[in-house]
Amino acid sequence: QVQLVESGGGLVQPGGSLRLSCVASGSTFSINEMGWYRQAPGKERELVAAITRAGSTNYADSVKGRFTISRNNAKNTVYLQMVSLKPEDTAVYYCNAVLGWSISGRLDSWGQGTQVIVSS
């Protein structure tokens, strides 16, 4: 079992910056890749950024060039550095770890979410 604990959310003005952190514990050896998702009120949860164990990354078009995902495998921690924040970035951000795939689908672990509010 993998547990994910996020931190770093909060209130920030447009154009500001935040860094989110996610620490994984438990059976971390089973983690294939990690990422950040977000969900705004009335919207579906969407992928923001993902990173493999080897360091390959991908980003949603809406955050490309503004957000940077990184990973410290030794510390079992993934980060999301967010700059030039916009009001539309307001959402609950969830840390995700992909544990593998079963016959029924992908196996995931999720954090509890951390709120990011971008407002003046």
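**Figure 1. R38, a buried arginine with two acidic partners.** With a relative accessibility of just 6%, R38 falls into the buried class, since anything under 20% gets that label. Keep in mind that this is a predicted model. One salt bridge links R38 to E46, and the closest N and O atoms sit 2.9 Å apart. E46 itself is partly exposed, at 35% relative accessibility. R38 also forms a salt bridge with D89, this time with 3.0 Å between the closest N and O atoms. Where do the two ends of that pair lie? R38 belongs to strand β4 (residues 33–39), while D89 is in the loop between β8 and β9, so the pair ties together parts that are 51 residues apart in sequence.

**Figure 2. D89 and its link to R66.** How buried is D89? Its relative accessibility is 0%, so D89 counts as buried. D89 makes a salt bridge with R66, and here the closest N and O atoms are 2.8 Å apart. R66 is found in the loop between β6 (57–59) and β7, and D89 in the loop between β8 and β9, so this pair ties together parts that are 23 residues apart in sequence. R66 is buried as well, with a relative accessible area of 11%. Zoom out a little and you get one network: salt bridges with shared partners join R38, E46, R66 and D89. Side chains of opposite charge can pair when their charged atoms come close. In total, the structure holds five salt bridges.

**Figure 3. K86 and its surroundings.** K86 has its place in the loop between β8 and β9 (91–102). Is K86 buried, partly exposed or exposed? Its relative accessible area is 36%, which makes K86 partly exposed. Leaving aside residues up to four places away in sequence, K86 touches R66 and V118. Another residue to look for in this view is I117: it is 31 residues from K86 in sequence, and the C-alpha atoms of the two are 9.2 Å apart in space.

**Figure 4. An open sheet of four strands.** In what order do the strands of this sheet come? The order is β1-β3-β8-β7, with antiparallel pairing, and the sheet is open. At the edges you'll find β1 (2–7) and β7 (67–72); each has a single partner strand, so one side of each is left without a neighbour in the sheet. From one strand to the next, the twist averages 15 degrees. Take a look at β7 and β8 (residues 77–82): these two run antiparallel and are joined by six bridges. One pair to find there is I69 and its bridge partner in β8, L80.

**Figure 5. Stepping back to the whole protein.** How many helices and strands are there? The count is zero helices and 11 strands. The radius of gyration is 14 Å, close to the 14 Å that the globule rule gives for 120 residues, so the protein is as compact as a globular protein of that length. The C-alpha trace spans about 45 × 30 × 25 Å along its principal axes. Of the 120 residues, 40% count as buried. The protein exposes about 6,300 Å², and carbon and sulfur atoms supply 50% of that area. What about contacts between residues at least 6 apart in sequence? Among these, 54% join residues at least 24 apart.

Notes:
Residues are numbered from 1 along each chain as its sequence is written. This is a predicted model: local features need pLDDT of at least 70, side-chain atom pairs count only at pLDDT 80 or more; totals for chains, interfaces and linings use all residues. Side-chain values use heavy atoms; hydrogens and water are left out. Two strands pair if DSSP finds at least two bridges between them. Axes are lines fitted to C-alpha atoms, for helices over the stretch in contact, and angles run from 0 to 180 degrees between N-to-C directions. The radius of gyration is taken over C-alpha atoms; the globule rule is 2.2 Å times the number of residues to the power 0.38. Buried means under 20% relative accessible area, exposed over 50%, partly exposed in between (1.4 Å probe, protein chains only). Contact means heavy atoms within 4.5 Å. Accessible areas come from the Shrake-Rupley method with a 1.4 Å probe; for residues, only the protein chains shown count as cover. A salt bridge is a side-chain nitrogen of Lys or Arg within 4 Å of a carboxyl oxygen of Asp or Glu.
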